[in-house]
Amino acid sequence: MDKLRLKYKLAIIPKDTILFRKAPDNGIYESMYFSFNSSGTYSSDFNSGPTQLWKTKQPIISRFIVKGKITPFIYETDLEYCYHQFCGEDKCYLDAKHRNNPKRKDFLVSLKKNRIDSWVTSIHNGTDIELHLFTDNNKSLIQFKQNIDNEKNRIIVNKDSFNKVILLDPKDYT
């Protein structure tokens with residue numbers, strides 16, 4: 001499984017990077033999805049919740065789990081491959097990460113055992129980029145800042161913080 005860790009670029013998310021989320025509350029949980037822009041939050045299970053603004057408290061080193069670019073700015077996720085390596089089962093990337101997948105928790109545990117405790121990938125192929133944190137201590141990594149009103153906070157809502165993410169080849173840093 002170490003080949004998974006070496007297969008994907010490192011995604012370095014700097015301290016103070018803005019993240020967006022929709023959720024019924026601003027609690028910090030063991031598994032949390034964020035988008036680097038507000039439009040990415042519309043694929044969330046909590047679509048009717050307020051848009052939340054979060055910031056990283058320290059740099060986060062994640063894995064950029066993509067198999068390539070569809071266009072210069074659109075990436076294709078590789079979660080299906082990771083899931084297949086975990087359980088030998090072919091599953092759509094959306095089903096692999098869905099909270100109702102009975103193998104999801106074991107999949108995340110398996111990734112953590114292999115030093116992958118978060119991912120950066122496309123939410124849906126051809127759309128916005130997400131960060132999924134499933135670390136042992138998400139509280140040390142992220143901080144809730146505020147709920148934002150899309151009409152009143154147009155400058156923040158139109159921000160895309162993915163351009164702050166640094167992508168590095170892991171073979172250069174092992």
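**Reading helix α4 and its salt bridges**

Me: I see that Lys-112 is partly exposed, at a relative accessible area of 31%. Why does that value count as partly exposed?

Reply: Bear in mind that this is a predicted model. Buried means under 20% and exposed means over 50%, so the 31% of Lys-112 lands in between.

Me: OK, and what does Lys-112 pair with?

Reply: The general idea is that side chains of opposite charge can pair when their charged atoms come close. Here, Lys-112 and Asp-136 meet through their side chains in a salt bridge, 2.7 Å from N to O. Lys-112 sits in helix α4, while Asp-136 belongs to the loop between β9 (129–133) and β10 (142–148), so the pair ties together parts that are 24 residues apart in sequence. As for Asp-136, its relative accessible area is 72%, so it is exposed.

Me: How many salt bridges turn up in the whole structure?

Reply: Six, from a search of the whole structure. Another of them also involves α4: the side chains of Glu-30 and Lys-105 meet at 3.9 Å, N to O. That pair links distant parts of the chain, with Glu-30 in the loop between β2 (18–22) and β3 (32–35), Lys-105 in helix α4, and 75 residues separating them. Glu-30 and Lys-105 are both exposed.

Me: Where do Lys-103 and Glu-89 fit in?

Reply: Their side chains form a salt bridge too, at 3.3 Å from N to O. Lys-103 is in the loop between α3 (93–97) and α4, and Glu-89 is in the loop between α2 (79–87) and α3, so to speak two distant parts of the chain linked across 14 residues. Lys-103 counts as partly exposed at 35% relative accessibility, and Glu-89 is partly exposed as well, at 27%.

Me: Back to the helix, then. Which residues of α4 are buried?

Reply: In α4, which covers residues 104–113, the buried ones are Arg-104, Phe-107, Leu-108, Ser-110 and Leu-111. Try looking down the axis of α4: those buried residues fall within an arc of 160 degrees, so they line one face of the helix.

Me: And what is on the other side of α4?

Reply: There you'll find Lys-105 and Lys-113, which are exposed. That's the Lys-105 that meets Glu-30 in a salt bridge.

Me: Last one: what follows α4?

Reply: Arg-115 follows the helix, and its phi is positive, near 65 degrees.

Notes. Residues are numbered from 1 along each chain as its sequence is written. This is a predicted model: local features need pLDDT of at least 70, side-chain atom pairs count only at pLDDT 80 or more; totals for chains, interfaces and linings use all residues. Side-chain values use heavy atoms; hydrogens and water are left out. Buried means under 20% relative accessible area, exposed over 50%, partly exposed in between (1.4 Å probe, protein chains only). Helices (H or I, at least four residues) and strands (E, at least two) are DSSP runs, numbered from the N terminus. The arc is that of the directions from the helix axis to the C-beta atoms. A salt bridge is a side-chain nitrogen of Lys or Arg within 4 Å of a carboxyl oxygen of Asp or Glu.
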